[in-house]
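Reader: I would like a close look at one part of this model: the salt bridges. Please take me through some of them slowly.

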Amino acid sequence: MSNEKNKKPAYPLVGSRNRVRWGILLAVAVIFAILRYPNLIITQYHYELGDVAERDVKAPKDFLVEDTAATESKRRQAAEGVLTVYDYDGELSTALSRNLEQAVGDLKKAVQAAHAKGQPSPVSPSDGAPRTPAVESASFQDQIWEGRNHFEEKIGIQVNQGAYQALEKEKFSPETTAVISRILAKILENGVVTNKEILLKETDKGIILRDVSTKEERVVHNLKQFYGLDQAKAMVRIIGQPFLTNLDDPLRNLVVDFAQRLLQPNITLNRSATQEREKKAAADIEPVMTKIKAGEMLLREGERVTEVQLLKLKTLLHQTQKAQNTTSSLGAALLVLSLLITTDILHLNRQNRMGTSPSKNLLLMASLWVTFFFVAEICAPVTELFTQNSPFPIPVSSLLFGLPLASGAMIVCLFLGLAVALPFALVLALCVAVIFQNNLAIFTYFLINGSMAAYWIRNCRERKVFITAGAKIGVLNVVLATAIEFYSGEFSGPQLLSDWAFCFLGGMAAGIVTAGIVPLVEIAFDYTTDITLLELANLDRPILRRLMIEAPGTYHHSVIVGSLVEAAASTIGANPLLAKVCGYYHDIGKIRKPLYFIENQTAGKNKHDKLAPSMSSLILIAHIKDGVEIARENKLGQVIMDTIRQHHGTSLIKYFYEKAKQRKGEDKVNIDDFRYPGPKPQTREAGLVMLADVVEAASRTLDNPTPSRIQGLVQNLINQIFSDGQLDACELTLKDLHNIAKSFNKILYGIHHHRIEYIEKRTSATEDGKGKTKNGSSDRQPAKANPDLSEEDTKNGGGHLKRLGLSSR
């Protein structure tokens, strides 16, 4: 055999064909994830507060309802428990003292500067007259009072004329400012708050005192220790008593007045920080949830809708409408993709199960998967809606058991075979179980009924098989549903009866749906089923009648080839019906030029005698192309067109090739010009047609077609085709070839049978003196003994499969 076709790529998972398959599988996984995100149909209840319920509403699943009142109460308590934040400015007394000292110091410097300017010049510079004390005093006073505004601005308070004069009188003594600073520091160290009444409201829980400069916080519970602003002013004389004893009354009053007016609160309420902490504490409180169990009555028919019931209904709707997050959808897509790829590698891509068009076949499976995913996704909420709105109590399980999902495996089995339908049913059952909340019982149910549905439809050649298979599926569904109900332990008599009814109807529906979809799939994907093949096998079809009239020899040859391949296909496990139909139509291209083929020539006239060998080979090769065109015009199907292309493979037209070599010489003849274009047979049925075509044509050349001669001829011809590598791509084994040869021998024995010599009595028998005569009929020849293989046959068979077609002894 040639090894060119059997070579596998070094990286089998990244070839172009594999990329197409992976792309299809990826598309299926993505579509499945999209169907699950979000739910397509949602049961909605349009009720308002006070409406009367039209029907009972039960919870379809467990869900949580937020108790808003309890949640708000907890959040309010959390907010109330937050301690109020007060800012404490420990640097305020220092700042006030510093400002006072700077202001007094600036005035003192001004006075000293004025005295310094007045001492060196007792004479006025303008007129040279001596300066008088009155003039000098007025100028000095003006400069001091001019600094009053700066003094007031520096310490932050207004100073009346009397207080300013008292300070001036004391010559802005630092001792006076020091007494004021000590009194301020003593009072502010204790803490002064703006509004003590508001502060005392926090006595029960305390406050948070936050140092403005260091950001340190501490909790204070003794709030009475702090002074209010008025209380602090009153405490000036009491706290300042030790510092005021050495001062006269005017100066004492001055110190007290300045201290009271300079006092400021150093503890202030921070409302923004407090509100932020209250909001955070409330947000940290989780909602108070109440669990509603599946089946719990949410609303009873005839009741008025209360606020609590309305909350439950809205929560159910919200949670149902809530889309799954992206991570969950991505995970679902990856899981389904892994399942599909594993199934493809382990089951679909083994032993050429997907045929010669794996991408098209996988596209069919993907289309069916997506279709039934969509049906299941639609049915999941619809069954709940129907159950809730139905006047009769129909269990949800009954409706699910009635889904005709088994028709998917039946369709795949009809077009791709049982070996492909079984993994298809497995994937479909797994994904449907995911749709129905990972239900193991649903997975088991649809896996078994899908697998058995494919098994019962595998040999469908009549329309009634759909109904028969549907009835069988219905009975199987009843058994499976009963087992599931017993397993769950939750069943009753009425529920079982309901399950049985829907199960049987679901089986019948699967058969009817399959019968309706199959013709659409045939048209869309250009497939050919056994039912279509039976229609094509009718010899009264116009194209075959035309072949019988215009090319009778070819028609007779095709009929015999059909009989040969049908019998051989049965012995090797191929499709006998497909093989027979392909045999009928494999030579329809000869209709275009029937007289150029030996079986249609009469009176010994051969049109090739006047043609060059190259032209003759072109005419013979053209019947392949013509046959494909005629098949396409008559819509015979892709499988028959493929067989027409392949039934000669790339074999050599030996007669005209040898004739061309005799005329031109071997060096001037291109052997490829005398080969059929191919391709080689890709299926076992096409290989059978090739073998039968050659064997039937050659058997007509036998002068004395004895069984041994026929057997030797069949053996040699199959050996030649086998050795030429024409069967490399069609998966026919040596055992198959042995069985094919035996089948061919049996059919050809019957066609080329011998008749015994009949002895007829005639009234004129006495005339010849013998009383008997020989029958002159051409088909009544005397029987001869069947010799064993001749010496010539044995010699020609050397080096080949010598026992090919021989019965074992």
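Author: What follows goes through several salt bridges and the burial of their partners. The model is a predicted one, and the count of salt bridges in it comes to 16.

Take helix α27, which covers residues 654-664. Glu658 forms a salt bridge with Lys661, and their closest N and O atoms are 3.6 Å apart. The two residues are three places apart in α27, so about one helical turn separates them. In an α-helix there are 3.6 residues a turn, so residues three or four places apart point the same way. Glu658 counts as partly exposed because its relative accessibility is 38%. Lys661 has 19% and counts as buried, because buried means under 20%. Salt bridges with shared partners also occur: they join Asp587, Lys590 and Glu599 into one network.

Helix α22, residues 542-550, holds another pair, Arg546 and Glu550, four residues apart, or about one turn of the helix. Their side chains meet in a salt bridge at 3.2 Å, N to O. Arg546 is partly exposed at 36% relative accessibility, and Glu550 is partly exposed at 37%.

A further salt bridge links Glu202 and Lys205, with the closest N and O atoms 3.8 Å apart. Glu202 is buried, with a relative accessible area of 16%, while Lys205 is partly exposed at 29%.

Some charged residues belong to a patch instead. Glu54, Asp56, Glu301 and Glu303 form a negative patch on the surface. Of these, Glu301 sits in the loop between β10 (297-299) and α12 (307-321), and Glu301 is exposed, with a relative accessible area of 55%.

Methods
Residues are numbered from 1 along each chain as its sequence is written. This is a predicted model: local features need pLDDT of at least 70, side-chain atom pairs count only at pLDDT 80 or more; totals for chains, interfaces and linings use all residues. Side-chain values use heavy atoms; hydrogens and water are left out. Patches are made of residues with over 30% relative accessible area and no salt bridge: like charges are joined within 9 Å, nonpolar side chains (Val, Leu, Ile, Met, Phe, Trp, Tyr) within 5 Å. Accessible areas come from the Shrake-Rupley method with a 1.4 Å probe; for residues, only the protein chains shown count as cover. A salt bridge is a side-chain nitrogen of Lys or Arg within 4 Å of a carboxyl oxygen of Asp or Glu. Lys and Arg count as positive and Asp and Glu as negative; His and the chain ends are not counted. The place of a charge is taken as NZ of Lys, CZ of Arg, CG of Asp or CD of Glu. Buried means under 20% relative accessible area, exposed over 50%, partly exposed in between (1.4 Å probe, protein chains only).
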